[in-house]
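Thanks for making time this morning. Please pull up the sequence and the model, and I'll walk you through them.

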Amino acid sequence: MKKKIITAVLGICLTTTAFGGILTTQAGGLSSILGGAAKIGGIGIVINKFGPQIDTFLNKLLKQNNLSTEYTTKVVPIISIGTKGYIGAAQVTGPASSIEEVKAVAQVEGSFNGMVRVKGLVPVDSTNPVGASRVQGVGVSAIIDLKI
């Protein structure tokens, strides 16, 4: 139930612009906004268009639960090492100068002894996982699941 409420609130926040207006979209959700774009490419479009609003929503949500930060935050795509595609989004947090460098979060997956699945999430300076470098002093503060 809580997840449905958060999803509904996020949807409302995404439709409200910074100027107090309402974006007009068809009832099909993010799929309508993307106009049939592929899921991988669609995530990049959504983050480019709605990243700041998602970031503001997350900051308010975290503050309401006494989990706010004094650092700068930003929403970026998650890129998967190996598939070279966007697979989701994440909010990163850290000093403003370091946050400016972050372009994506790289995800690396592995298996520990065949019993435990692990995912490493690392803020990086490029949306291309090949040759991307870790941005020091920045962490992942939220994972964003998009229904596309």
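**A89 and its surroundings**

Let me start with A89. Neighbours within four places in sequence aside, A89 is in contact with I47, V75, V76, P77, I78, A142, I143 and I144. One caution before I go on: this is a predicted model.

So where does A89 sit? In strand β2. Is A89 buried or exposed? Buried, because its relative accessible area is 0%, and the cut-off for buried is under 20%. Now look at A89 together with I43. They are 46 residues apart in sequence. In space, C-alpha to C-alpha, they are 7.6 Å apart.

**The overall layout**

Let's step back. The protein has four helices and five strands. Along the sequence, the pattern reads α-α-α-β-β-α-β-β-β. There are 148 residues, and buried ones make up 31% of them. The accessible surface comes to about 9300 Å². Carbon and sulfur atoms account for 57% of that surface.

Now contacts. Take those between residues at least 6 apart in sequence. Of these, 51% join residues at least 24 apart.

**The cores**

Which residues make up the largest nonpolar core? There are eleven: I43, V46, I47, F50, I54, L58, V75, A89, A142, I144 and L146. So A89 and I43, the pair I just showed, both belong to this core. Two elements, α3 (39-64) and β5 (139-144), each supply at least two of its residues. The largest share is from α3, with six residues.

Stay with V75 for a moment. Residues up to four places away in sequence are not counted here. V75 touches I47, G51, I54, D55, L58, A89, A90, Q91 and I144. There is also a second core, separate from this one, with nine residues. Among them are V76, I99, V102 and V105.

**More of strand β2**

Back to the strand. Q91 is in β2 as well. Q91 counts as buried because its relative accessibility is 1%, under the 20% cut-off. What does Q91 contact, beyond four places in sequence? The list is D55, L58, N59, L62, T73, K74, V75, G139, V140, S141, A142 and I144.

Next, T93. Strand β2 covers residues 86-94, and T93 is found there. T93 is buried, at a relative accessible area of 16%. Its side chain reaches the backbone oxygen of T72, at 3.4 Å. With residues up to four places away left out, T93 touches T69, Y71, T72, T73, I99, G137, V138, G139 and S141. I99 is also in the second core.

**The surface**

Now to the outside. How many salt bridges does a search of the whole structure find? One. R117 forms it with E109, and the closest N and O atoms are 3.5 Å apart. R117 counts as exposed because its relative accessibility is 60%, over the 50% cut-off. E109 is partly exposed, with a relative accessible area of 46%.

There is a nonpolar patch to point out too. F112, M115, V116 and V118 make a surface patch of about 420 Å². One of these, V116, is in strand β4, residues 116-124. V116 is partly exposed, at 39% relative accessibility.

**Two backbone angles**

Last topic: phi. Most residues other than glycine have a negative phi. Here are two with a positive value.

First up is N66. Its phi is near 55°, a positive value in a residue other than glycine. N66 lies in the loop between α3 and β1 (72-80). N66 is exposed, at 71% relative accessibility.

Then N113. Phi of N113 is near 55°, again positive and again not in a glycine. Where is N113? In the loop between β3 (104-112) and β4. N113 is exposed because its relative accessible area is 61%, over the 50% cut-off.

**To wrap up**

Three places to look at on your screens. Start with the eleven-residue core, with its six residues from α3. Then the salt bridge between R117 and E109. Then the positive phi at N66 and at N113. That's my slot; over to you.

Methods: Residues are numbered from 1 along each chain as its sequence is written. This is a predicted model: local features need pLDDT of at least 70, side-chain atom pairs count only at pLDDT 80 or more; totals for chains, interfaces and linings use all residues. Side-chain values use heavy atoms; hydrogens and water are left out. Buried means under 20% relative accessible area, exposed over 50%, partly exposed in between (1.4 Å probe, protein chains only). A polar contact is a pair of N or O atoms within 3.5 Å; within protein, one must be able to donate a hydrogen and the other to accept it, and residues adjacent in sequence count only if both atoms are side-chain atoms. Contact means heavy atoms within 4.5 Å. Accessible areas come from the Shrake-Rupley method with a 1.4 Å probe; for residues, only the protein chains shown count as cover. Patches are made of residues with over 30% relative accessible area and no salt bridge: like charges are joined within 9 Å, nonpolar side chains (Val, Leu, Ile, Met, Phe, Trp, Tyr) within 5 Å. A salt bridge is a side-chain nitrogen of Lys or Arg within 4 Å of a carboxyl oxygen of Asp or Glu. A nonpolar core is a set of buried Ala, Val, Leu, Ile, Met, Phe, Trp, Tyr and Cys residues joined through side-chain atoms within 4.5 Å.
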